[in-house]
Amino acid sequence: MKSKYDVAVVGGAGHVGIPLSLVLADRGFRTLIYDVNQAAIQSLQAGRLPFIEEDGEVLLGKALKAGTLEFSHNPADLRGIPAVVLTIGTPIDEFHNPNLNILTRAMDVLLPHLTPRQTIILRSTVAPGATDFLEGYLRQRGSKVGLAFCPERVAQGKGIPEVQSIPQFVAATSPKALKVAWGIFSKIAPLLIEMTPREAEFAKLICNTFRYILFAATNQLYMMCAEAGIDYHTLLKKVGEQYPRMASIPGPGFAAGPCLMKDTMQLFAFGRHNFPLGQMAMTINEGLPNFLVEQLRRKTKLKGKKIGILGMAFKAESDDIRDSLSYKLRKILRFEGADLMCSDEYVNDPTFISKEQLCKRAEIIIIGVPHKAYRRLKFPKSVKIVDVWGALARRERRTLLHA
């Protein structure tokens, strides 16, 4: 049975699925979003995104008006659609090993509705060997559906512009599946790079792991400078002046979110835990909140101290709190007995207060994530500020860490 759709995006109402779905629909593909999150689907049907995504509501409105985007929570609606994009990855378990159960459970739901003429395209990051594993899983169950792996490499919140500007890796387990995947992504990406599935798996993981290691390096140097009473941000500015080889060093801050640490641990697991550089990067980045609290403890009594965290999302100008280290910081400070208050420009939480209220009440303020709005804040002279990111003007960086 031939479907009226060209492509379906499974998990299409999520952070990976929405940008791709909207771009596909905008390029004229008759697109079906399949998702079990009915609240997110209802929001999309009403023309609203469930989270912040650059250019998202503009493209959503266009697609709804043009009729190129539709929605379903019934897997039977996937029957006959030539390409089924699966935006479900492999998270890590409590032992930092890949968990393939989510993928296999998704296959168990989808397979009764898929035919040999269709192709599954894995879109989210998967562990090395996961594509071959899934190929075997499909064949053991008698399925002849095609299988490709075309990982996304976009920054969360900027998926729509980046999916159209970043080269796309294309890999598949058969020539037929490769042709299907190539036909889709050649219409939306500026350049396609063919790889084997194993190459594509490593390529995506290396991109995120290398960034995570870079952040760990600068965070370690920040901590050393703080211990020595040196303003790391001022120092970086001085050492980089007219010295191009230092231009690429990132500033310090919470290296968080749903990808960087997870993907580093995917390689850690693949190497049978023989990846000390990745393990050390995780230890450093995940340990930064503990370092900040320890430094504060040395300077002042934390029990009963009014401490505010400005910014609870995992990165600036985002409403995404997944694996945000600001929440880890909050947990540690609560354990220390601090009187804690939180604020964020984009995160909707009834327990949060406004940034203005936080500035009035707090004795110590920690910048959890550097939203642009915080640059315009006027802080009381009595408040102490911990600005790991260097987001505030120099006059406002009255930090306890190197005062």
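**Surroundings of Ser324 and the strands of the fold**

Beyond its neighbours within four places in sequence, Ser324 is in contact with Ala256, Met312, Ala313 and Phe314, where contact means heavy atoms within 4.5 Å. The model is predicted, and local features need pLDDT of at least 70, side-chain atom pairs count only at pLDDT 80 or more, and totals for chains, interfaces and linings use all residues. Residues are numbered from 1 along each chain as its sequence is written, and side-chain values use heavy atoms, with hydrogens and water left out.

Ser324 belongs to the loop between β9 (306–310) and α12 (325–335); helices (H or I, at least four residues) and strands (E, at least two) are DSSP runs, numbered from the N terminus. With a relative accessible area of 6%, Ser324 is buried. On this scale buried means under 20% relative accessible area, exposed over 50%, and partly exposed in between (1.4 Å probe, protein chains only). A polar atom of the Ser324 side chain lies 2.8 Å from the backbone oxygen of Met312, and Met312 is also listed among the contacts of Ser324. A second approach is made at the start of α12, where a side-chain oxygen of Ser324 comes to within 3.2 Å of the backbone nitrogen of Ser326. A polar contact is a pair of N or O atoms within 3.5 Å; within protein, one must be able to donate a hydrogen and the other to accept it, and residues adjacent in sequence count only if both atoms are side-chain atoms.

From this loop the chain can be followed into helix α12. Its buried residues are Leu325, Ser326, Tyr327, Leu329, Arg330, Ile332 and Leu333. The elements that cover them include α11 (276–299), β9, β10 (339–343) and β11 (364–367). Just after α12, Gly337 adopts a positive phi of about 90°.

Ser324 may also be placed relative to strand β2. Along the chain, Ser324 and Tyr34 are 290 residues apart, and their C-alpha atoms are separated by 27 Å. Strand β2 (residues 31–34) is covered on both faces: Thr31 and Ile33 are buried on one side, and Leu32 and Tyr34 are buried on the other. In a regular strand the side chains alternate between the two faces of the sheet. β2 pairs with strand β1 (residues 7–10) in the parallel sense over 4 bridges, and Ala8 has Leu32 of β2 as its bridge partner. The route from β1 to β2 passes through helix α1 (residues 17–26), and this β-α-β crossover is right-handed. A crossover is right-handed if, with the strands pointing away from the viewer, the path from the first strand over the helix to the second runs clockwise. β2 is also joined to strand β3 (residues 69–72) by 4 bridges, and these two run parallel; there, Tyr34 stands opposite Ser72. Two strands pair if DSSP finds at least two bridges between them.

Strand β7 (residues 168–172) is another covered strand, with 5 of its 5 residues buried. Gln168, Val170 and Ala172 lie on one side, and Phe169 and Ala171 on the other. Strand β6 (residues 146–149) is joined to β7 by 2 bridges in an antiparallel arrangement, with Ala148 opposite Ala172. β7 and strand β8 (residues 192–194) run parallel and are joined by 3 bridges; Gln168 has Leu192 of β8 as its bridge partner. Together with helix α7 (residues 175–185), β7 and β8 make a right-handed β-α-β unit.

Two buried helix residues may be considered next. Leu138 is placed in helix α5 (residues 130–140) and counts as buried at 0% relative accessibility. Apart from neighbours within four places in sequence, Leu138 is in contact with Met107, Leu111, Ser143, Val145 and Leu147. Leu288 is 150 residues away from Leu138 in sequence and 43 Å away in space, C-alpha to C-alpha. Thr218 lies in helix α8 (residues 197–227) and is buried at 1% relative accessibility. When residues up to four places away in sequence are not counted, Thr218 touches Tyr232, Ile249, Pro250, Gly251 and Pro252.

The cysteines remain. A disulfide is a covalent bond between the sulfur atoms of two cysteines. A search of the whole structure finds 0 disulfides, with a disulfide taken as a pair of cysteine sulfur atoms within 2.5 Å. Cys259 is unbonded in this sense because the closest cysteine sulfur, in Cys207, is 12 Å from its own sulfur, too far for a bond. Cys259 is partly exposed, at a relative accessible area of 29%, whereas Cys225 is buried, at 12%.
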